[in-house]
Structures are given as C-alpha cells and as structure tokens.
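This report looks at charged residues and how they are placed. Please view the structure first, then read on.

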Amino acid sequence: MSSAHFPFSAVVGQDDLRLALLLNAVSPAVGGVLVRGEKGTAKSTAVRALSALLPQVDVVPGCRFSCAPDAPDAACPDGPHEPGEGTARPSRMVELPVGASEDRLVGALDIERALAEGVKAFEPGLLADAHRGILYVDEVNLLHDHLVDVLLDAAAMGSSYVEREGVSVRHAARFLLVGTMNPEEGELRPQLLDRFGLTVEVTASREPAQRVEVVRRRLAYDDDPAGFASRWSEDEHEVRARVVAARALLAKVVLGDTALLQIAATCAGFEVDGMRADIVMARTATALAAWDGRTEVVKADVRRAALLALPHRRRRAPFDAPGLDEDKLDEILDGFPDEEPDHDPEPDPGPEGPDDGGPDGGGGVPPQAGPEDPAQQPESEPPAESQPESQPEPGTDGQAPEPARADAGEQPGRADAPEQAAVRATAPFRTKVLSVPGLGEGASGRRSRARTAHGRTTGAQRPRGQLTKLHLAATVQAAAPHQKARGRSGRGLVVRRDDLRQATREGREGNLVLFVVDASGSMAARQRMSAVKGAVLSLLLDAYQRRDKVGLITFRGSAAELALPPTSSVDAAAARLERLPTGGRTPLAAGLLKAHDVLRIERLRDPSRRPLLVVVTDGRATSAGSVGGRQGGTPRELAGLAARLLRAEGVASVVVDCESGPVRLGLAGELAADLGGPAVTLDGLRADSLAGLVKNVRTATTSPSHHTHRKAA
C-alpha cells in the first residue's frame, strides 16, 4: 500500500489552520503553531501534509544531526565537518508521543561509558531528528511540564543541551513546532501558551455541503492513496513553489515604522504581557506580506497577524477563554491612516483542483480571512452557555438574607423542593495547601511529596535497567574499595558497571482532587451558596496551578450526580460549578458512596495517582436517598457508614465546613472524624487565615484516636 500523505491542498476548509502552518513554513522564526480544537478536524492530516510542501534539505552525509554541508555546526557531536558536497533528503515530520521520556526527546548520554571509558557516547533524540524539519506534538497539554519546558526552550534557542553529571552535549535543533490540544482535556499553563507563536481554533464545519466534500475526498484517498495524491500533484507543486518564492522574498519585506506602531498599539491596547507578542506579530506580518508577494507590510497584515498571534495571550486568568475582541482590534487600527499601496496585488486564490466546484473551490492555498469575511474568522468565543449570568432579584442588591434554620429548600414533609436558580460565585482567593500524606509515585505535579525523575536528591540505589540519573558520590564510594584489586595504576578511577548508583529524587506529584459538593436546600441561601462556590472555585484554581486532575460530584434531593468525571480540564469543572442549582433534601450518604465508586474506577485506570477527597457541606443529612432501600438506618448513620468505608480504603479527605450563623451543630466536624481527615471552615480555608498556612490531610488509620476532630495546624 502506498505511503502517500493526504495532500495539503486537498484539505477542505480550516483556512486559519492552513494559513498559520504555511506562514511558519515561510518563516520558522514565527515560533510555531498551537492548534486548539475537537478531534476529527484534520489537525494531524494538515500537519503531516505540510512536510511534503517543504523544500528538500541538503545534509552532510552520515551526520545524525542533519548539518548543512555549506555551514556545518561547529559543535556537532558527529563533527567536525569539512564544507563540501551534501546529499538532499526530504524535510522530516517527527512526532513526539505523549508518553515519551526526556531521554527520548533530547537524547541519551551513556554515563557508564563516559565514566569507564572516558568517551561521550550520545544517542540523538527526537529534537535532533526534527532539526530543519517539523516537530509535531499531539495532545501537547498532556505532556509533563518539564518536557514542554525543554521542548519550547529548544525551539526558542535553536539548540538542545544534554548534561549528565558534568558531561554535556550540544547540538542544533531548529524546527517548525506544531502542537495540538483538546481544551476539554486540560489547558496549558499561560507561560507555555505564550511560547507558541500562533494559535488557531479549529472546529468541524456545520455546513452540510462542506461535510459531504470532506467525506468524498477522504473516501477517495482511502480507496487509492497514490492515485488521489497524483490528481492533486499540480496543486501541491504550485503551493510548494509559492512557499519557496515567499521564503526568497522574506528578506526583502520592509516593516515600516507605521506598521511597527500599529503592532505596538495593538499589543498595548489588549494589555498583553511582555514583548514576545510584539515580536511574533512583527514576524507574522512580514511573513504574510511575503506570502502575498509584497515587499511592504500593510495594515491588513497587522490585523491578520493579531488574529493569529494574540488570542492565546489574552488568557489573563486560568478560567478565562482565549479570544480576541475584533471590534476593539478594528478600533485600534482605525486610528492609523491607510497606507496600503495603490496596486496591492490580490492574494492568489490558488488553482482549481481536480474536484473543482467543492466548498473550498478545490484550491490549494487557503483563502485569506479579512475583516469583510466573518465566516473565516477564528471561532475563539466560547459558547454562550459557558458564560452564565446571574441577575439580581428585583428590589434587592443581588443578595438575599440567609433564611432561618428551617431552610426553604427543605420544607417539612417534602422530599424535594423546587430547584433554585444558580448564583454567582464570590471572588476566588488563595487557599491553604492541602496535600496527601506519605510518598507517592504519581505524575509530576506540585501538590504532594513523591518519588520523581526531577527534584532534590534524597539517596542512591542500584539502577533498575538503564541508568538515567547518576549519583556520583555513591558511585565513587562503591568503586573506591576495589581499586587495588582492579590494578589501578594512574590517577583515573577504575569504574565497573556494578559500581554505578542511580540517584533517587523527591519532588511533587499531581493528585486527583474529587469535590463532593452539597447542593441541597440547606445550602440554598444566596449568600451561603455564593461563598461556597467561591471557595470551590478557589480550590479549583489551586488544583490548576498544581497540575491536578479534578472531578465534581453534587448531591441534592434523593441522589448524587457525577457532574464532571475526573479530567485535567479545571475550566470544565469551573463551568459546571457556575451552573450548579440548589434545592431539595440532603442525601449525604449518596454523595459519599458516589465518590467511593468514582475513586474505585479511577484507581483501576491510574493506580499511581493518589486521590484527595474534598467534601463541601454543612454536615447535615436529611435523606437516605437511594441508599436507604439497600441499608437500614437514619440518613446520618448511613452517611457515617459511607464515610468510614472511604476511610478504611485509605482515601485522604478534608471537609470544608459551610455551616454559618451564631448557633452551629458541628455536624461537619463529626463527618470529618468519620472520614479520618480534618475539617476547615470557609474562612479557615484562606491562606492568610490565622489557622495556619499548610494543612496535611491525613489518611485513615485503625487507631481510635484518629476519630477525633482535627483542626488546622
């Protein structure tokens, strides 16, 4: 079967994606592309097809690092190379798997040979393979942070450094970086978002005709990949020629003072942090001019550059959706006079493809989106449903006094009260650090202590498999007693494989933070529920910063609901929380048992990720819910049984006590004792509270003393 890639010019729609990729092909200095969107939207197809459009590269024969024969890298590990004839090869498209190790990415240095033989034995990684080509990272938001840091540092500096215990190797690593991500699976940190030059939002077309054309072309390709590619070869050749011409023209493009002022005014107007946005916009506008065959940057280039370079840099807070206000952008640019040339050539729409008459005209070049064509603008605005608004009640200031203990949502004699509308959360605040005790081995994060590949060195052990982190002192100590027997005669240390010691390191891991939120009538008072949502939102923000997975369970009426299965998308949890209604009785036992079921399943899926259960309630239990039919007892007794079940399985828990008012029953404290964890009030949750700065959530033990209520240290 032919290995021909799907032709780039045959991709239907996705104009912004294709344009962003082509601009990086013209000028790799733009800084790469981050593609955000749902699955099945031609992200991978377009990236793989782009590699066929890039010109061939000349390399030094036998060089594993793809040095250019006319200007070889002086520091190449395979060098030195004498300038001379090279061999041509196609540009590579290298994929970085989500589960790749750091050694697979940057390369592996054989420390054993370095110590025993005194040679630098280096095995190149994916960064070396991608030099002068494309590095594609699917699901970049699921990579460990330290890998993303290494990746983006190499992309920014154009080189990769590998160092192990003082033995270092450097090689060139210049590539076009493309990352894809599904925002529902978690966001990148703002610092990492900023390192990508451009970003585009991709969605599947809602136009039936365009969807039909997508299916038609895909089926045709699957039936005969080579024949389909052949039919589009002329279009591919023309796009490739245009990329080559734009590259040649790039150095001649003039970025005038007016364009620079427009760029600076745009970045300042949108309050973008730092200067990277200005630089990326300047490079993007220059590449746009070269792509259009012009030698001068005009206002339209600045506008298109802003739409590609600024949306992800507008993410001011973790729960903000990326996007750009185009009306504000036009208002900023309208303050500058039009200085476009009188005879500005129109962008070449590309030739008609063999399937002409399709939704995109079969063109091999993406049409250029402009202010007059809103249909082709990035769909960066979030759905309206993700931005709920809570209107104040008539005749009030948006707040209602808290009702008496006989809460409106739990009227005597009624199993369920009418659902009350969702209320807005109070402003988030910095919370205390809640951590799971003990030493874990989960995914890298910032919450609980764990054995990790990065962190402070705590000891040494014999390596299990490939040595990755040498403990030099322990290795020398192991080898020293045997020097005479090994016939040592010089100054060098005779080291053998059995002497090598692996460093053990301790860092931080991310946990699964499962929120169990009481949404019953006892929480329905507007002021109380707003404060509760503000507290949970603050804990979600903390989970985002500490790279945790989160889940959300709510209970009200007669049942508990898994509002959000465990996910890395803290944004999704915040959106579900914002829309959370209240009312009805309090099936506390049902909420705890739902948490038990969720954690049991997650333990099978990811055994190394330790859970942290956060129960947000006032401790009241007024309904047995669906549990009552299976087990006798009062609602409070059933809740105690469920809590002790979680404790027996070693689940670390904390209860956020939402009870307010001058008279308090202390039910949340009793629940915390059953769970074997601490209870903390809403006010005590704040990091600046006098109750303390750090709270360690204790797991269940068999000691009776652990049933007592624990306060913050």
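On the surface of this predicted model, a patch of negative charge is formed by Asp325, Asp327, Glu331 and Asp334. One of these residues, Glu331, is part of helix 14, which covers residues 326–333. Glu331 has a relative accessible area of 61% and is exposed. That fits its place in the patch, because patches are made of residues with over 30% relative accessible area and no salt bridge.

Other charged residues are paired. The whole structure contains 31 salt bridges. Three of the pairs are listed here with the distance between nitrogen and oxygen.

| Pair | N to O distance |
|---|---|
| Arg216 and Glu213 | 2.5 Å |
| Glu506 and Arg449 | 2.8 Å |
| Arg546 and Asp542 | 2.8 Å |

How far apart along helix 8 are Arg216 and Glu213? The two are three residues apart in helix 8 (residues 208–223), so about one helical turn separates them. Arg216 is partly exposed, with a relative accessible area of 48%, whereas Glu213 is buried at 4%.

The salt bridge between Glu506 and Arg449 joins two strands. Glu506 belongs to strand 14 (residues 502–509) and Arg449 to strand 13 (residues 444–461), so this pair ties together parts that are 57 residues apart in sequence. Glu506 is buried, with 13% relative accessible area, while Arg449 is partly exposed at 36%.

Are the partners in the salt bridge of Arg546 and Asp542 buried or exposed? Arg546 has a relative accessibility of 19% and counts as buried, because the cut-off for buried is under 20%. Asp542 is buried as well, with a relative accessible area of 7%.

Salt bridges can also link several residues. Arg242, Asp292, Arg294, Asp301 and Arg304 form a network of this kind.

The chain as a whole gives the setting for these details. The chain has 713 residues, and 51% of them count as buried. Its secondary structure includes 20 helices and 21 strands. Among contacts in the chain with a separation of 6 or more, 79% are between residues 24 or more positions apart. The accessible surface of the chain is about 32,100 Å², and carbon and sulfur atoms account for 51% of that surface.

Conventions
Residues are numbered from 1 along each chain as its sequence is written. This is a predicted model: local features need pLDDT of at least 70, side-chain atom pairs count only at pLDDT 80 or more; totals for chains, interfaces and linings use all residues. Side-chain values use heavy atoms; hydrogens and water are left out. Patches are made of residues with over 30% relative accessible area and no salt bridge: like charges are joined within 9 Å, nonpolar side chains (Val, Leu, Ile, Met, Phe, Trp, Tyr) within 5 Å. Accessible areas come from the Shrake-Rupley method with a 1.4 Å probe; for residues, only the protein chains shown count as cover. A salt bridge is a side-chain nitrogen of Lys or Arg within 4 Å of a carboxyl oxygen of Asp or Glu. Lys and Arg count as positive and Asp and Glu as negative; His and the chain ends are not counted. The place of a charge is taken as NZ of Lys, CZ of Arg, CG of Asp or CD of Glu. Helices (H or I, at least four residues) and strands (E, at least two) are DSSP runs, numbered from the N terminus. Buried means under 20% relative accessible area, exposed over 50%, partly exposed in between (1.4 Å probe, protein chains only). Contact means heavy atoms within 4.5 Å.
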